[in-house]
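User: Please take a close look at one part of this model for me. I want the local backbone and packing details, kept brief.

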Amino acid sequence: MSVRTLPLLFLNLGGEMLYILDQRLRAQSIPGEKARKDEWTDVDRKRVMNDIITTMFNKKFMEELFKPQELYSKKALRTVYDRLAHASIMRLNQASMDKLYDLMTMAFKYQVLLCPRPKDILLVTFNHLDAIKDFIQDAPGILNQVDETFRQLIETYTSLSAGEFQLIRQTLLIFFQDMHIRVSIFLKDKVQNSNGRFVLPISGPVPWGTEVPGLIRMFNHNGDEVKRTEFTTDGNYVTPQREGSFDLYGDRVLKLGTNMYSVSRPVETHMSGSSKNLASHTKENIVPNPLAKEELNFLARLLGGLENKTPGGSETGFRLNLFTTDEEEEHAALSRPEELSYKVVTIEATQEPGRREELSRILGEMEVAEPRPASSGKGEDLLALMDGL
């Protein structure tokens, strides 16, 4: 497994989480002068996005994240995003958070599967970060945090070989291999079967630097071409016009990783029949795409269960519900398969306690609920550091 996979996994899943939260907060925002204390306004939306992005791109945390290390468990990763989602005034019950996490993981899994070449996973990551920067255009301090992470990505990954990127892709696919959660937007686009497995395309652009299939060349022992044979293919392949930019600013060309909850969703790869993929551009994402909106409404309105909390005169807090009713949320929590449930975990740090304490100061302490074996390696050490998420 690659020890360079964790930053890409964390940033891409975080980007998908921000897409969902932004879309639902925009859809539910009430003009400030008309809103009650228990209703969202655009000011609240911006605050939530800024708070989460600030926590996500904390400089010291990014420094720890980019250190070479193994991936850690699915439960521990889920705990990280649970803490991130609650880094602001939002409050989600476990069933709603589970549903949000399901959308995040299945979207990124699909993007990894559709990458024309392993190195394009980096372009997918850049698309997520480009969109995140759009969310915080009016917050230069936070924008600088994201740009610094951008530079770390460029420095760390652009010089890697094709083989190293292939190992990163394999590591991601191993992480996702047992996740087959049905998502209605994918089912409607016919890119996911009823068993939760994705349908991969048989047409579309070939990887940059390769040729369209259909020609066999034969060479002699001197390396001279002596014969050509053409053959027909079942797919409709095209050659990409240019390679996506790996610079801080530039045209990524690849649309995988852009916001599928925005207005338009241009086709990234042609599926057999009339199927499409999830790709779209993140610009002008104020009005939700109908299919994506239906998916989120199926989960229910993110803000469907608002609850005004003012303990001890403190500021208002908001309970967020990804289901239509509280009863539906409770039923989902009870009926969710055990293997898909995520409980709060305790991370025992027995190595490098100074690092653990440092990140704990940055991200706060996590509630302890379930004992866990002591750390056994570099990846587990970072997991111990992240128990404050």
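The request and the reply follow.

User: Which residues does F165 touch, not counting residues up to four places away in sequence? Add the residues with a positive phi that are not glycine.

Analyst: This is a predicted model. Start with F165. Helix α8, residues 162–176, holds F165. The relative accessibility of F165 is 1%. F165 therefore counts as buried, since the cut-off for buried is under 20% relative accessible area. Leaving out residues up to four places away in sequence, F165 touches P118, K119, L122, Y157 and L160. Take K119 from that list. F165 and K119 are 46 residues apart in sequence. Their C-alpha atoms are 5.4 Å apart in space.

Now the backbone. Most residues other than glycine have a negative phi. K190 is not a glycine, yet its phi is positive, about 60°. K190 sits in the loop between α9 (184–188) and β2 (204–205). Its relative accessible area is 52%, so K190 is exposed; the cut-off for exposed is over 50%.

V253 is also not a glycine and has a positive phi, about 65°. The loop between β5 (237–238) and α10 (290–299) carries V253. With a relative accessible area of 27%, V253 is partly exposed. That value falls between the cut-offs of 20% and 50%.

To recap: F165 is buried in this model, K190 is exposed, and V253 is partly exposed.

Notes:
Residues numbered from 1 in each chain as written. Predicted model: local features only at pLDDT ≥ 70, side-chain atom pairs only at ≥ 80, totals over all residues. Heavy atoms only, no water. Helix = DSSP H or I, 4+ residues; strand = E, 2+ residues; numbered from the N terminus. Buried < 20%, exposed > 50% of the residue type's maximum accessible area, 1.4 Å probe, protein only. Contact = heavy atoms within 4.5 Å.
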